[in-house]
Amino acid sequence: MENSTNKNIKEEKTKNNSKKNSKKTWIVVAVCAVAFLAFGGTAGYFLGQSYFASKDAIDYSQYSADELEDNYEDLMKRYNEASPSTYLAKFKSYEFANIALNKIGLHENVWSQTYGLVNAMGVKQTVRATSIKEGNKYFLENISASSMVQAAKRFYQEDDQVITYNGGSVSTEMATWNENPQSTLSKKEHEDKWGKNLSRPSIYIISKATALETSKVEKDGDGYKVSLDIDPKLGVLRYVKQMIEISGVGSPKFHSIHMEMLLDSDLSLKQTKINEKYSVVMVVKAESEAEISEYFTYDQGKKIPDLKTNCDYSKGE
C-alpha cells in the first residue's frame, strides 16, 4: 500500500507537471496567435500546426473575391468628371477609399512605410514594412519581431515576375537576406498564392458589398477622413490566402476591422490606420488585436533597395 508521504509527493509532481504543460501550451498558443499578423497587413508566421483546431474555421472557398469588388474603372471615370465641391454628394465612404487606392497606381514613384503592434494574450510583436513603386517595378519588405517570433520577407516584382526572399538574423527593423530566392512566380501565380500581387495597394476588399453601414466620410481640414468598418468575413478573402500560405494551416476568425484613411483635397491617400480584432482557435481560443499605421509619400525618387541594403525606419510614425 502506498504510504501518505509518497502519495503526497506524487500528487505534487502531477500538479507541477500540469502547471508546466499549461504554461507551455499558453506560450505556444500566444506565439502562434501573435504571429498571424506579424506582417502587418500581409499576415504572419506560424510555428506549430498541432495546436490548431478546426471547429471554429470558416469556409472561405464558398465566396469569390472578384465578385465582391466594385467596378473601379467606372468609379475613376466618375471621379475624373466630378468637381471637388461635389465629392461628398457623389461618393460613398468606400468609394472615397477606392479612389485614393486607385490613384496610387497613377504615380511614377510611391513610397510607404508601415509601423504596427500585435498583442496576442499579452505577447507583443512589432511590425515594420516598406513598399515602393518605381515605375513598373514594385518592392515590399515585411519584418516582425518579438521575444518569441522573428519573421522577415522581401518581394520584388517587375513585369510579370515576383521573386520572394526570406530574411534571417531578424531584429525590430532589419534582417539579413538570403540571396537564393524562396520562389519565383508569375503575377497571377503570386496572386493565387498570396491573395494579391504587389501592384494592388490593399489586401482588403473594400466595396459596396463589404463596407458596413457604420462607415462614413467627413471633411478634415483641406482634405477628408474616411472611417471604414469592413465585413470581417467578406473583406478578408484575399488576406486569408496570405495567412494560410504562411501558416500552412487554417486562418484566424476576424471579429472586427476598422480602418481610418486620411486623404488630401484631391483624394490622394496620405495615411491609413487599421485596428483588427481576431481569434485563433487552438488548444484554447487566443484573442488578438493589431494596430497598424501606414504613411505614403509620392514622387520623391525613392529607389528599390538591393538585398544588401536595409530600409530606414528611423523617421518613425
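1. Let me start with E191, which is partly exposed in this predicted model. Its relative accessibility comes to 24%, and because the partly exposed class starts where buried ends, at 20%, E191 falls outside the buried class. R238 is buried, at a relative accessible area of 8%.

2. E191 and R238 form a salt bridge, with 3.2 Å between the closest N and O atoms. The two residues lie 47 apart along the chain, E191 in helix α6 (residues 187-194) and R238 in helix α7 (residues 237-247), and the pair links distant parts of the chain. You may like to follow this one further: salt bridges with shared partners join D66, E69, E191, R200 and R238 into one network.

3. Next, have a look at R78 and E95, whose side chains meet in a salt bridge at 2.9 Å, N to O. Here helix α3 (residues 72-81) supplies R78 and helix α5 (residues 93-104) supplies E95, with 17 residues separating the two. R78 is partly exposed, its relative accessible area being 31%, whereas E95 is buried at 11%.

4. K308 and E179 give another salt bridge, at 3.1 Å from N to O. This pair also links distant parts of the chain, 129 residues apart: K308 sits in the segment after β12 (285-298), and E179 in the loop between β6 (176-177) and β7 (183-186). K308 counts as exposed at 69% relative accessibility, and E179 counts as exposed too, at 53%.

5. Finally, for your bookkeeping, how many salt bridges are there by the rule used here? The count comes to 11.

How values were computed: Residues numbered from 1 in each chain as written. Predicted model: local features only at pLDDT ≥ 70, side-chain atom pairs only at ≥ 80, totals over all residues. Heavy atoms only, no water. Salt bridge = Lys/Arg side-chain N within 4 Å of Asp/Glu carboxyl O. Helix = DSSP H or I, 4+ residues; strand = E, 2+ residues; numbered from the N terminus. Buried < 20%, exposed > 50% of the residue type's maximum accessible area, 1.4 Å probe, protein only.
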